[in-house]
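Here are some exercises to work through with the model open in your viewer. Try each task before you read its solution.

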Amino acid sequence: METRRPRLSPDELQLLRWLLGGVVMLLAIATVFYLDIDSDLLAGIAAAGVLVALARPALPARVPVWGHRLAFPAIVLFFAGDLWLTGQLLPSIVRLDLLLLLYRGVSHRARRDDLQIVVLGLFLIVVAGVLTVSLLFAAQILVFTACALGLLLVVTIAASSEGGQAPKLAVRGVVPLWAAHADWGRLFRRLREISDWRIVLAGGGLFFGVIAVSGLLFLMIPRFQLENSLFLERFVTKKAMTGFNDSIKFGDITEITQDDGIAFDVDVSDPAQAPSRPYWRMIVLDQYHNGGFTLSPGMKSRDVFGREHTEANLRTGSDGTRGAPTWTFYLESGVSRYLPILGRFDVLRFREAQNFRYSFDLLLVALRDEPATMTAYRVEGMAPDSNQLSDPTFARRWRNRAVPGGLSLQLKLELSAADRAAVAGVTAGVAPAAGTDAGAFAQAASALLRSQHAYSLSPHIPAGLGDPLVRWMSSREPGHCELFAGALFLMARSAGFPARVVTGFKGGTWNAYSGNYTIRNSDAHAWVEIWDEQRGAWLRADPLEAAAGRNTSADKADALAGMTDRSWSARINSIRVFWYRRIVNFDQQSQVDTLRAIKNATDNSGKWLRSAIAGSAARIKGWFLGPWDGARIARMAGAAAAAAGVAWILVAGRWRIAALGRGRRRDPVRREAGRWLTRLDGPPALVTDLQRLRYGAAPTWPRPADVFRRARQAARSGRRRPSASRSTS
Amino acid sequence: MSATAASGRRHLWRRVLWSLVWPSRHERIQPTLSGVVLIGLSLGIGTAAYNSASNILFIALSLLLACLILSGVLSWLNLRRLAWQLEIQPPLRAGQETEVGLQLLNGKRYIPTYALWFEFAATPFNRGEPARPESTVTGRGIDVWATLAKVQEAAMGGSVHLRTRLDPGGEARLGWIFTPPRRGLLRIELLGVGSLFPFGFLRKLTGTDMRREVPVWPAPVEYRRFSGAGPRRPSGDLQQARAGNEGEMIALRRYESGDSHRLIHWKASARTGRLLVRQYSAQNSETCSIWLTTDAAVWGRPEQFELLMSFAATLAQDLFCAGRLQSAAIDDGPQSPMRRVADLESFLDRLAEAQPRPAPPEGRAAGSERGPRRSNLLTFEPEGARGIAAFINGNKTAAT
């Protein structure tokens, strides 16, 4: 029996096609807003244009014919000019894509144009995904896929409803019928009418099936690395935060701390070895001049940094720390081209070949270009956290300091004589007590600074002549970490200790859900490293950190518990970390591991199933072999009779329900007609129609919607009549 | 049972794999423009993914491939449990529009069927020819192509689209209207069921073995009649008894379907054990018999031969409607009585297939000289280069 479900008319299908096309375009345009390629204005214009055309489908017919003729040459000219002026290929292509989408959005489309917007939209979304590696990409491409498939489905059905003729390009200047009579409210009502829970369920199921299949394909697609990498991000330049360059001014780090965004996440293979207050080193700055720290040219030289490598692995030659955990870093884009590191390590592995330079002496890894996307790397054999950094090269240089030339001794104070005297004056209160012990000096100097200055993110540097940092040291004004670190740096050098400022991050939170460190920009920090001749290493000296005493494991556990984050943002962040761990960072090894895990799980499940079946069989066998007496037989007979009775009731009841359903009650039209018959005392013709809907054969039915509308009208008039009679009386 | 099932499964897989290598007739899957774009995108994104090891690109590639798989699954579901039946209502006449009906039934319980089209073909053929092309392995290339071109030229084709949704359990009827250009035997085939559903990536055509072979009667022609030259009533001894339903009984014959029950001779039927009916002599003697000769020597021009067939068919039909057609014969065949519509249709069927007869051997007469010696015999002769004239007893009765 043919059902009577309503169908969308060809015009309604065309309107739905227009709607889905608009949504696809808007989804694609939205990606440009977080691409950071200076195209927000154009993206806004494109989105507005598409939205207006979406709301008023008849408007595109008003675009003059010459507008259509000039559109393509104008777009090409724009692209050529854009590329010539900016010299950036990818942003120019993205803007070209936006213009094409805008044009397609504000003109009536043929079938190939719908295909074009799908391709253009997919390009934007994939580019945005590759450049941002954001979790948002996953959500966006799923929604985009659903809408694009819906659009292609509607295009196919619409073409079929027109006898296989694909919708031809609308005649310029003529409003198509479907656009002239566009009524979104009516379309949505019609969509609601035709939607059936089975269709919705099947559609949803198929969509999740697509996701499942694509997930499976993602896992199964064979991976192998071509060493001729195509870096899409090369075509986009991105500026890092000013605080993590090799040249900073006072306030740069503090400015970063105002931002609560995530700087990087770190996975530790053995959380038991996770330090409670790690210092993530990024840049070493050995030169101070007039309120600014820089990495001196000598330190940037090839002697210190060596040549540039283009490799996927960096082996430092260190023995590494035996039993050290593996650390996986997910460094967000825009943080720095210097990679955060805890200490000496054995191997650093990138996901793909990178251009980088490495300085063993400074323990710095600097990428050649600012990463435009999240950068993942794994560090093996790295000490969890150490407050000292051995430096044999500097130790040798320090021992031979009398010999001129060679590397800087990092003792130089580029200050005027007055400032130098002022610094010496401040240092004088510390140095005699500390003697030649760098550690003692650092503690004493830090204590002195803390006693004289409070910590504040809004510091005040007194006005006056001379170096600003020296002025602050001489005052009792509050300051931030950079001022504290700078002051300790000057004091150490003044006291004859080689010193340098280090910037990076301190601490972070421990995500309780994903089990990893999350370091935010607000954790940005600056501290000092002072050369300890006795140990032959650089000692970390943080003037804002009280004297270290928490070295016991209990204290460490307490500290780790204190930094544990169980908030909602941690929950959301755990999804992002999952995305990075399982999707973005998925490689050949992960694939092998996953397949092995699946194989193990399957083996284990099989074993469990076999043992469960064997156990059940043994129990059943034991039960049968048990002694049978009269009472047991009677109990069994009773149970069998009860089961048979229940089965009979169920089967009979089900049969009755099925019979009713086949006949009357399951049909919503019959049910609705029955409801109206019980509560309505309408005109005989209406009652007859309702009775036919309730009891009659479906082929003889009048149109149910009309009958129910008449019934509603009759009910309303029936309610009005008594009130009217009351008012007249 | 398990061995049989396993064997069945093995054979199923073998069939499926073999069908991929050697698809059955009219079984085609071609990428559309969207499909080509999708495949191109997949290749491009796949290359970029392997080049950059970017998992984002691998995700995009996986999604594209999953969409392709989904497209295949939906396409399969769309065609699943869909039944169709060809409905052709003969007679077909050359030059006249006719409709080939297709009855559709969606046997699925929950899933409707969308966006299908049905490809029809009508190909002339000669009796005895195979329904399917023979192997072309032994044929020379030029012959094969020439044959294929000839068949292609003669074939007519068309497609009909299912414009609306076919609901679960629903039925629909589609019709392909075409005009047979010439008489002959026509093989009407449902070549395949095509689908772009769901996303238009692939143009899938499923072949069918559904075909019907029907004769196409010659096209009716206009002709001129000549008064006073019609069949005449024979007089005296020359009057012949012929089958009719009036006058005196002249014979008994076997009962045939369509005969009046009143004509059954019950006694004779009881004696012989089979139904026999009475045959009476006809009272109306102004009838005639058609005798059509198809000698190639006489009808050398193909156009003229076709016109002859049309003329003969038109005359036979007109005379039968007027009740004046006694019998008809082609060449040396026996005169078949024209008592019922089925007799006329049978004659028209033979006209549909008639071909020029090769010239007889030397020393053998051709044409009317060999004809049966009976009165009121309607014969045909060429008239000029293009025309044809019909004669009764040597008198020109009608001409084209």
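**Exercise 1. Count the helices and strands of chain A, then describe how buried the chain is and how far apart in sequence its contacts are.**

Step 1: Chain A has 25 helices and 17 strands. Helices here are DSSP runs of H or I with at least four residues, strands are runs of E with at least two, and both are numbered from the N terminus.

Step 2: This is a predicted model, where local features need pLDDT of at least 70 and side-chain atom pairs count only at pLDDT 80 or more, while totals for chains, interfaces and linings use all residues. Residues are numbered from 1 along each chain as its sequence is written, and chains are lettered from A and ligands numbered from 1 in the order in which they are written.

Step 3: Out of 729 residues in chain A, 36% count as buried. Buried means 20 or more other C-beta atoms within 10 Å of the residue's own; exposed means 12 or fewer, partly exposed is in between, and the C-beta atoms are placed from the backbone.

Step 4: Take the contacts in chain A with a separation of 6 or more: 77% of them link residues 24 or more positions apart. A contact needs C-beta atoms, placed from the backbone, within 7 Å.

**Exercise 2. Work out what chain A puts into its interface with chain B.**

Step 1: The contacts involve 46 residues of chain A and 43 residues of chain B.

Step 2: On the chain A side, the elements giving two or more residues are α5 (111–132), α6 (135–161), α9 (197–220), β8 (347–359) and α20 (568–584). The largest share, 11 residues, comes from α6(A).

Step 3: By type, that side splits into 26 nonpolar, 13 polar and seven charged residues. Ala, Val, Leu, Ile, Met, Phe, Trp, Tyr, Cys and Pro count as nonpolar, Asp, Glu, Lys and Arg as charged, and the others, Gly among them, as polar.

**Exercise 3. Find the largest nonpolar core and look around one of its residues.**

Step 1: A nonpolar core is a set of buried Ala, Val, Leu, Ile, Met, Phe, Trp, Tyr and Cys residues joined through C-beta atoms within 7 Å. The largest has 231 residues, and those with the most contacts inside it include A:Val24, A:Leu488, B:Ala312 and B:Ala316.

Step 2: α6(A) gives the most to this core, with 14 residues.

Step 3: Now pick B:Ala316. Skipping neighbours within four places in sequence, B:Ala316 is in contact with B:Ile290, B:Leu325, B:Ala328, B:Leu344 and B:Phe347.

**Exercise 4. Check the length of helix α3 of chain A and look for a kink.**

Step 1: The expected span is 1.5 Å times one less than the number of residues. For the 22 residues of α3(A), 65–86, that should give 32 Å, and the end C-alpha atoms are 32 Å apart, so the two agree.

Step 2: There is still a kink of about 40° at A:Ala71, shortly before the proline A:Pro73. The bend is the angle between axes fitted to the seven residues ending at a residue and the seven starting there.

Step 3: α3(A) is hardly covered, with one buried residue among its 22. After α3(A) comes A:Gly87, with a positive phi near 70°.

**Exercise 5. Describe the surroundings of strand β7 of chain A.**

Step 1: Five of the five residues of β7(A), 327–331, are buried, so the strand is largely enclosed by the rest of the structure.

Step 2: A:Trp327, A:Phe329 and A:Leu331 point one way, and A:Thr328 and A:Tyr330 the other.

Step 3: β7(A) pairs antiparallel with β2(A), residues 262–268, over five bridges; pairing takes at least two DSSP bridges. Here A:Val268 stands opposite A:Trp327.

Step 4: Five bridges also join β7(A) to β10(A), residues 375–380, again antiparallel, with A:Thr375 as the bridge partner of A:Leu331.

**Exercise 6. Inspect two backbone oddities.**

Step 1: Most residues other than glycine have a negative phi, and most peptide bonds are trans.

Step 2: The peptide bond from B:Phe197 to B:Pro198 is cis, with omega near 5°. B:Pro198 sits in the loop between β8 (184–195) and β9 (202–217) of chain B.

Step 3: B:Ala115 has a positive phi of about 45° without being a glycine. B:Ala115 counts as buried because it has 26 C-beta neighbours inside 10 Å.

How values were computed. Two residues are in contact if their C-beta atoms, placed from the backbone, lie within 7 Å.
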